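Open the model in your viewer and keep the selection tool at hand. Each stop below says what to select and what is there.

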Amino acid sequence: MLYGALEAGGTKMICAVGNESGQILDQESIPTTTPDETMPKIIEYFKAKLSPELPEDDRIAALGIACFGPVDVRPKSKTYGNILYTPKIPWRNYPILQTLKDALNIPVAIDTDVNGSLLGEATWGCAQGLTDAVYFTIGTGIGMGAMSGGNLIHGMLHPEAGHLFLNRVPGDDYKGHCPSHGACFEGMASGPAVAERWGKPGKELADMPEVWELEAKYIAQALTDITFVLSPQKIILGGGIMSQTQLFPLIRKYLAEYINEYITTKELRNMNAYVSPAALNGNQGIMGAIKLAEMAAEAE
Ligand SMILES: [Zn+2]
C-alpha cells in the first residue's frame, strides 16, 4: 500500500509518497509562501499520485499531514485541521485539512509536526516499541510532541512544552526572546535566543563552551520537568540547535543532577539512551506523516 505524506513547515512543504515500511519512494519540496500559491502545487503533486492512469497499486490510499503549529488537531472541533493563530499571517485560520480532503477525496489525517516526528521515531526510529516518549525540536522555536500509553497527546489543544517556565541560571541576565513570556524555555534557549544573547548564531559559537554549558542547563531543566510530569521512557531531541552535538553529554549530566535520584528507573540509569538524538536523518517528520496516512486509511 502507498501513502501520501505532507510535512507542512513554515519555510517548505515536503510532499512525499511512502509505503507501510516507512520507505520514501518519491519526494518534492515546495516553498511555503501563501496558501493561494503553495496549495495548488501540493494538490497537483498528490493528484498525480491518484491518477486513474496509474495501476491501482501505485496510487496513494490516504494522506497524512504533519503540520506546523498552532494547528487544531481535535477531531470533534469545528475548526479541526485548521492552522490557527500563526505569525505567518496568510496561513492564519487556513483549513489545510479540509482543502486537501476536498481536493483529493481520500482519507486525510493531521497532527502537529512534533507529534509527526515522534510518531516517525516511535514507528521506525529510536523509540520503536515504546509507549511513552517525547520529542523536542529545539531550533527557531521549541516544540514538543508526546506519546503516553501509546497515544499521541493532544489535550485541550496541544501541549506547548516549548514555553515551560524555567529557573534563570545564576549570572544569566538575558531578558528572553519569547514575545508572550520573555524568559520561558523558548525565550531562553531557542536559536534566536542564543543568537541574541551571544551576538551571533549558534553555528558560529560552536567553539565557545560557555554557550553550550548554559544552553544545556536550560534544556536539562525542561527535560527534568517533562520527566517528572509525563514519565517518558525516552526523550528525543532534534532541531537546529541540537546539531551542536556537544550538547548531548552536557544535557545528560545536568538532567541526572537535577533529578538527583528522586526517581530511579532502568531507563534513567542508561542516560545515553534516555536522551537520544533523532535517528531518522531528518526524515522523522515525513515518515511520521506516512504513518498518519496509514492510520487514516485503517480508520476508514
Ligand atoms: Zn514563551
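## Start at strand 6

Select strand 6 and strand 9 (residues 234-238): the two pair in the parallel sense over 5 bridges. This is a predicted model. To see one pairing position, pick Val134, which stands opposite Ile235 in strand 9.

Now keep strand 6 and add strand 7 (residues 142-148). These two strands pair in the antiparallel sense, over 6 bridges. Tyr135 has Gly145 in strand 7 as its bridge partner. Follow the backbone from strand 6 to strand 7 and you pass through a hairpin of 3 residues.

Is strand 6 enclosed or open? Strand 6 covers residues 133-138, and 6 of its 6 residues are buried, so the strand is largely enclosed by the rest of the structure. In a regular strand, side chains alternate between the two faces of the sheet. Show the side chains of strand 6 to check both faces: Ala133, Tyr135 and Thr137 are buried on one side, and Val134, Phe136 and Ile138 are buried on the other.

## Helix 6 and the residue after it

Select residues 209-230, which form helix 6. The helix has 22 residues and reaches 31 Å from its first C-alpha to its last, close to the 32 Å expected at 1.5 Å a residue.

Next, select Ser231, which follows helix 6. Ser231 lies in the loop between helix 6 and strand 9. Its phi is positive, about 50°, although Ser231 is not a glycine. Ser231 counts as exposed because it has 12 C-beta neighbours inside 10 Å.

## Two more loops

Go to Asn260, in the loop between helix 7 (247-259) and helix 8 (266-269). Asn260 is a residue other than glycine with a positive phi, near 55°. With 8 C-beta neighbours inside 10 Å, Asn260 counts as exposed.

Then select Gly69 and Pro70: the peptide bond between them is cis, with omega near -5°. Pro70 is in the loop between strand 4 (60-67) and helix 2 (96-104).

## The two domains

Finally, colour the chain by domain: domain 1 is 2-116 + 282-299, and domain 2 is 129-277. Their C-alpha centres lie 28 Å apart. The contact takes 9 residues from domain 1 and 9 residues from domain 2.

Which elements give two or more residues to the side of domain 1 that touches domain 2? They are strand 5 (108-112) and helix 3 (113-124). Helix 3 gives the largest share, 3 residues. On this side of domain 1, the residues divide into 2 nonpolar, 4 polar and 3 charged.

Notes: Residues are numbered from 1 along each chain as its sequence is written. This is a predicted model: local features need pLDDT of at least 70, side-chain atom pairs count only at pLDDT 80 or more; totals for chains, interfaces and linings use all residues. Domain bounds come from an automatic or database domain assignment. Two residues are in contact if their C-beta atoms, placed from the backbone, lie within 7 Å. Helices (H or I, at least four residues) and strands (E, at least two) are DSSP runs, numbered from the N terminus. Ala, Val, Leu, Ile, Met, Phe, Trp, Tyr, Cys and Pro count as nonpolar, Asp, Glu, Lys and Arg as charged, and the others, Gly among them, as polar. A residue is buried if 20 or more other C-beta atoms lie within 10 Å of its own, exposed if 12 or fewer, and partly exposed in between; C-beta atoms are placed from the backbone. Two strands pair if DSSP finds at least two bridges between them. The expected span of a helix is 1.5 Å times one less than its number of residues.
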